[in-house]
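I opened the notebook with a few things to look up, from the overall fold down to single pairs of side chains. The entries below keep to the order in which I went through them.

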Amino acid sequence: MKKYLSIWAFALMAVFSFVAVSCGDDDDDEIPGETTIVGTWEITSSNFSTPYKAGDEIAGFEIEDIIQEDGLKVGDRVTFNADGTYKTRNDTGKWSVNGNVLRMVSDELEEGEAVVTFMNIKSLTSTRLELILDIEGLIKYEVKFKKV
């Protein structure tokens with residue numbers, strides 16, 4: 001169980017890097033039917049929140065351990081290719097979108113199993129992307145991107 005939480009924590013941080021929030025002003029940029037996640041996106045901000053405080057544990061992991069995972073940071077980039085693959089500075093894999101849900105499957109296996117992450121697309125315009133990862137109210141991660 002502890003190993004799987006570590007995998008989830010890593011996946012969360014990797015995914016957090018892909019999350020993005022668009023400003024209200026960017027809503028005019030929406031192009032229904034044409035706006036796509038395909039392209040290179042740079043993280044402009046990220047917000048990690050949890051109802052727990054420093055020193056608390058979630059399934060045997062201290063909050064500090066989860067926060068300090070080697071995830072993507074502001075300024076890092078993620079590229080979503082038209083062929084359904086993605087690349088970050090420390091991960092590659094496959095992606096798909098169904099409705100407002102982004103599904104990412106890492107090429108890197110943990111204990112022989114693929115790490116699959118689902119994130120909600122809060123907003124997607126031609127220039128801004130906002131993703132939210134919410135794990136049953138225990139951890140919430142929001143990341144804002146701009147298209148580069």
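What follows are my notes on confidence, fold, core, aromatic pairing and salt bridges.

**Entry 1, confidence.** I first reminded myself that this is a predicted model, and I looked up how the predictor rated it. The pLDDT averages 76 over the protein, and 68% of the residues score at least 70. Over residues 1-33 the pLDDT is below 50, although this stretch still has 101 contacts in the model beyond near neighbours in sequence. I therefore treat the placement of residues 1-33 with caution, since pLDDT is the predictor's confidence in each residue.

**Entry 2, fold.** I counted 2 helices and 10 strands in the protein, and reading along the sequence I noted the pattern α-β-β-β-α-β-β-β-β-β-β-β. Among the contacts with a separation of 6 or more, 60% come from residues 24 or more positions apart. Of the 148 residues, 39% are buried, and the protein exposes about 7800 Å², of which carbon and sulfur atoms supply 48%.

**Entry 3, core.** Which residues touch the most other members of the largest nonpolar core? I found Trp41, Phe80, Leu102, Leu129 and Phe145 in that role, within a core of 19 residues. At least two residues of this core come from each of strand 1 (39-49), strand 4, strand 7 (101-110), strand 8 (113-124), strand 9 (128-135) and strand 10 (139-147).

**Entry 4, aromatic pair.** My search for paired rings returned 1 aromatic pair. Why is the pair of Phe80 and Trp95 called edge-to-face? The ring centres of Phe80 and Trp95 are 5.6 Å apart and the planes stand at 80°, so the pair is edge-to-face, given that the cut-off for that class is over 60 degrees. Because Phe80 lies in strand 4 (residues 77-80) and Trp95 in strand 6 (residues 92-98), the pair ties together parts 15 residues apart in sequence. I also checked accessibility: Phe80 is buried at 1%, and Trp95 is buried too, at 14%.

**Entry 5, salt bridges.** I turned to charged side chains next and obtained a count of 4 salt bridges, three of which I describe here.

The pair I took up at the start was Arg77 with Glu42, whose closest N and O atoms are 3.0 Å apart. Arg77 belongs to strand 4 and Glu42 to strand 1, so this salt bridge ties together parts that are 35 residues apart in sequence. Are the two partners buried or exposed? Arg77 is partly exposed, with a relative accessible area of 45%, whereas Glu42 counts as buried at 16%.

I then looked at Arg89 and Asp76, which form a salt bridge with their closest N and O atoms 2.8 Å apart. This pair links distant parts of the chain, 13 residues apart: Arg89 sits in the loop between strand 5 (85-87) and strand 6, and Asp76 in the loop between helix 2 (63-67) and strand 4. Arg89 counts as partly exposed at 45% relative accessibility, while Asp76 counts as buried at 16%.

My last lookup was the salt bridge between the side chains of Lys140 and Glu142, at 3.8 Å from N to O; this pair counts because the cut-off is 4 Å. Lys140 is partly exposed at 31% relative accessibility, and Glu142 is buried, with a relative accessible area of 19%, which falls under the 20% limit for buried residues.

Definitions and conventions
Residues are numbered from 1 along each chain as its sequence is written. Side-chain values use heavy atoms; hydrogens and water are left out. Rings of Phe, Tyr and Trp (its six-membered ring) pair if their centres lie within 6.5 Å; planes under 30 degrees apart count as stacked, over 60 as edge-to-face and the rest as tilted. Helices (H or I, at least four residues) and strands (E, at least two) are DSSP runs, numbered from the N terminus. Buried means under 20% relative accessible area, exposed over 50%, partly exposed in between (1.4 Å probe, protein chains only). A nonpolar core is a set of buried Ala, Val, Leu, Ile, Met, Phe, Trp, Tyr and Cys residues joined through side-chain atoms within 4.5 Å. pLDDT is the predictor's confidence in each residue, from 0 to 100. Contact means heavy atoms within 4.5 Å. Accessible areas come from the Shrake-Rupley method with a 1.4 Å probe; for residues, only the protein chains shown count as cover.
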